[in-house]
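Here's a quick tour of a protein with a ligand. Have the sequence and the 3D view open, and follow along one topic at a time.

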Amino acid sequence: MRMRNKPWAEDYLLSHSDIVSIDLSRKGEIQSWFNKSQPIHIEVGSGMGRFITEMAKMNPHINYIGIERDKNVMIRIVEKAVEQGIENLRLLTVDAEHLTDIFGEGEVDRVYLNFSDPWPKTRHAKRRLTHANYLSIYKAILKSDGEIHFKTDNQQLFEFSIESMSQFGMKLKNINLNLHENEPEDNIKTEYEEKFSNKGFRINRLEASFN
Ligand code: SAM
């Protein structure tokens, strides 16, 4: 997601440090950042944040964390969280490669990956959020029965992810090659999901676990 550089982005995020952190300083205190201690679900690459904000409103018994490395994009999620006063949502402006520096072992109950950047060139495969290097990070922070829920319109990324997760020894279930054919009532459409589905792309989805 490309967004124009906003020189004031960092100051804006710092002025909302009650809900967004721009560094690793929340290490070891993720649960105490919330008003209530409850299961933690994270979304990696939240973009403009429709998914994570709607999920948080729908499920007040879950603590949600949106992870988005681009400060200019993160502003849009913070605006939504502030306007709507969502209590069970916190935000981290960090790269996913640092997740083990923030979350303890088994601290996270679920990881959502929605419309992750496909990085189509083979030489960029390690940047894909379902590459084995990232899977080991999710494995370290997920509970043993935790799950990854993944959606994408990109066929190549979906095939790569199935192969990558299978080679990692993960169990895959509920593989759906056309999510919108019988769209589940509780499916929250992300900004990218709406855009690509309107253009006629089929949406793929799967759930995966390490045990
Ligand atoms: N999930 C949103 C949606 O479906 O509308 C946004 C999808 S957009 C294609 C991917 C987002 O992931 C971008 O905003 C990008 O900055 C973020 N992203 C990509 N790699 C990341 C990483 N390693 N760590 C954190 N965020 C990342």
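Which atom of the ligand does a backbone N or O atom of Glu191 lie 3.5 Å from? It's an oxygen atom of the ligand. On its own, the ligand would expose 600 Å², and the protein buries 97% of that. Keep in mind that you're looking at a predicted model.

**Around the ligand**

- The ligand has 18 residues around it, and the ones that come nearest are Gly45, Glu68, Ala96, Asn114 and Thr190.
- Sorted by class, that shell is a mix of 7 nonpolar, 5 polar and 6 charged residues.
- Gly45 offers a polar backbone atom 2.8 Å from a nitrogen atom of the ligand.
- Arg69 also has a polar backbone atom to look for, 3.4 Å from a nitrogen atom of the ligand.

**The nonpolar cores**

- The largest nonpolar core holds 33 residues, and Ile42, Leu99, Phe103, Tyr138 and Ile148 are the ones that touch the most other members.
- Helix α6, residues 132-141, supplies the largest share of this core, with 5 residues.
- A separate core of 22 residues lies apart from it, with Leu13, Val20, Ile52 and Ile62 among its members.
- Try clicking on Ile42: setting aside residues up to four places away in sequence, you'll find it touching Ile65, Ile67, Leu99, Phe103, Val108, Arg110, Val111, Tyr112 and Ile141.

**A closer look at Ile19**

- You'll find Ile19 in the loop between α1 (9-14) and β1 (20-21).
- Is Ile19 buried or exposed? With a relative accessible area of 11%, Ile19 is buried, because the cut-off for buried is under 20%.
- If you skip neighbours within four places in sequence, Ile19 is in contact with Trp33, Val78, Ala81, Val82, Leu89, Arg90 and Leu91.
- Val73 sits 54 residues from Ile19 in sequence, and their C-alpha atoms are 15 Å apart in space.

**Two residues with a positive phi**

- Most residues other than glycine have a negative phi, so the next two are worth a look.
- Phe115 isn't a glycine, but has a positive phi, near 55°.
- Phe115 is placed in the loop between β5 (108-114) and α6, and counts as buried at 9% relative accessibility.
- Asn174 is another residue other than glycine with a positive phi, here near 50°.
- Strand β7, residues 171-176, is where Asn174 lies, and this residue is partly exposed, with a relative accessible area of 47%.

Conventions. Residues numbered from 1 in each chain as written. Predicted model: local features only at pLDDT ≥ 70, side-chain atom pairs only at ≥ 80, totals over all residues. Heavy atoms only, no water. Near = heavy atom within 4 Å. Polar contact = N/O pair within 3.5 Å; in protein donor to acceptor, adjacent residues only side chain to side chain. Areas by Shrake-Rupley, 256 points an atom, 1.4 Å probe, with all protein chains shown as cover. Nonpolar A, V, L, I, M, F, W, Y, C, P; charged D, E, K, R; others polar. Core = buried A, V, L, I, M, F, W, Y, C linked by side-chain atoms within 4.5 Å. Buried < 20%, exposed > 50% of the residue type's maximum accessible area, 1.4 Å probe, protein only. Helix = DSSP H or I, 4+ residues; strand = E, 2+ residues; numbered from the N terminus. Contact = heavy atoms within 4.5 Å.
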